[in-house]
Amino acid sequence: MDKVRVVFVCTGNTCRSPMAEVILKNKSNNIEAKSAGVFAANGAPASRQVEILLEEKNVPFTHTAKMLDRELAEWSDLLLTMTSSHKALVLRDFPELAHKVYTLKEYAATENEKKYDAYQEKAAEIEMKRAAFLHDITKLDTEKQAEKRQQFETEMRRELNELQALEQALPSMDISDPFGGTIEQYRLTYHEIEEAIERMIERLNQEELEG
């Protein structure tokens with residue numbers, strides 16, 4: 001069986017997503033991991049605090065930042081973001097990939113957090129409807145476009161209200177941002193990411209067993 005391909009995504013690809021990448025690489029040989037940022041400066045080094053932390057743990061680490069692009073997004077089987085804001089940006093740029101975009105904590109959710117699944121399904125459904133609408137409307141004449149757009153906007157208001165109601169019931173699915181903080185804050189974030197990745201690996205292993 002081919003390895004699962006995971007891309008972790010944060011803002012600059014210098015703190016959280018590189019930590020997630022190296023944690024996963026050291027915990028599983030059956031998953032291929034990469035990372036990127038939604039606003040990364042290509043070639044920028046990792047945060048010095050991340051380097052210090054991984055030196056403490058005797059984990060080999062070399063990294064340069066990379067902007068998330070279409071090639072990398074399409075390469076992945078899973079696009080796991082550090083926050084809901086990152087997820088929203090990824091969905092904006094790659095709406096057709098909504099089926100594989102989650103926050104890390106969302107994908108690793110325990111049974112008590114599974115209410116996030118309903119939100120994910122609704123969000124993906126809305127993004128696919130938007131993409132289909134934008135594709136189909138170009139085939140219509142101007143008068144039909146106006147009519148179709150009005151119908152679509154009415155439907156979307158109802159869909160977005162349902163999504164908002166689901167969102168309000170959700171626990172936080174964001175990984176804390178240590179950028180600019182102390183080494184202790186980086187340790188806490190590392191631990192937070194590590195716990196989520198362990199649950200993520202359990203889910204992938206279970207899904208493989210279930211076929």
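**Exercise 1. Find which residues L80 is in contact with, leaving aside its neighbours within four places in sequence.**

Solution. Contact means heavy atoms within 4.5 Å. With neighbours within four places in sequence left aside, the partners of L80 are V6, V7, F8, V9, Y102, T103, L104, Y107 and M200. The model is predicted: local features need pLDDT of at least 70, side-chain atom pairs count only at pLDDT 80 or more, and totals for chains, interfaces and linings use all residues. Residues are numbered from 1 along each chain as its sequence is written, and side-chain values use heavy atoms, with hydrogens and water left out.

**Exercise 2. Place F8 and L80 in the sheet, and give the strand order.**

Solution. Helices (H or I, at least four residues) and strands (E, at least two) are DSSP runs, numbered from the N terminus. Two strands pair if DSSP finds at least two bridges between them.

- Step 1. β1 (residues 4–10) pairs with β3 (residues 78–81) in the parallel sense, over 4 bridges.
- Step 2. F8 stands opposite L80 in β3.
- Step 3. The open sheet has 4 strands, ordered β2-β1-β3-β4, with parallel pairing.
- Step 4. β2 (31–37) and β4 (101–103) are the edge strands; each has a single partner strand, so one side of each is left without a neighbour in the sheet.
- Step 5. Ignoring direction, neighbouring strands here are turned by 25° against each other on average; axes are lines fitted to C-alpha atoms, for helices over the stretch in contact, and angles run from 0 to 180 degrees between N-to-C directions.

**Exercise 3. Describe the largest nonpolar core.**

Solution. A nonpolar core is a set of buried Ala, Val, Leu, Ile, Met, Phe, Trp, Tyr and Cys residues joined through side-chain atoms within 4.5 Å. Buried means under 20% relative accessible area, exposed over 50%, partly exposed in between (1.4 Å probe, protein chains only).

- Step 1. The largest core has 31 residues, and F8, L24, L80, L104, I193, I197 and M200 have the most contacts inside it.
- Step 2. At least two residues of this core come from each of β1, α1 (16–27), β2, α2 (48–56), β3, α5 (104–107) and α8 (183–210).
- Step 3. α8 gives the largest share, 8 residues.
- Step 4. A second, separate core of 17 residues includes V38, L68, L97 and V101.

**Exercise 4. Decide whether N13 is buried or exposed, and do likewise for N58.**

Solution. Most residues other than glycine have a negative phi.

- Step 1. N13, in the loop between β1 and α1, has a positive phi of about 60°. Its relative accessibility is 0%, so N13 counts as buried.
- Step 2. N58, in the loop between α2 and α3 (70–75), has a positive phi of about 55°. Its relative accessibility is 69%, so N58 counts as exposed.
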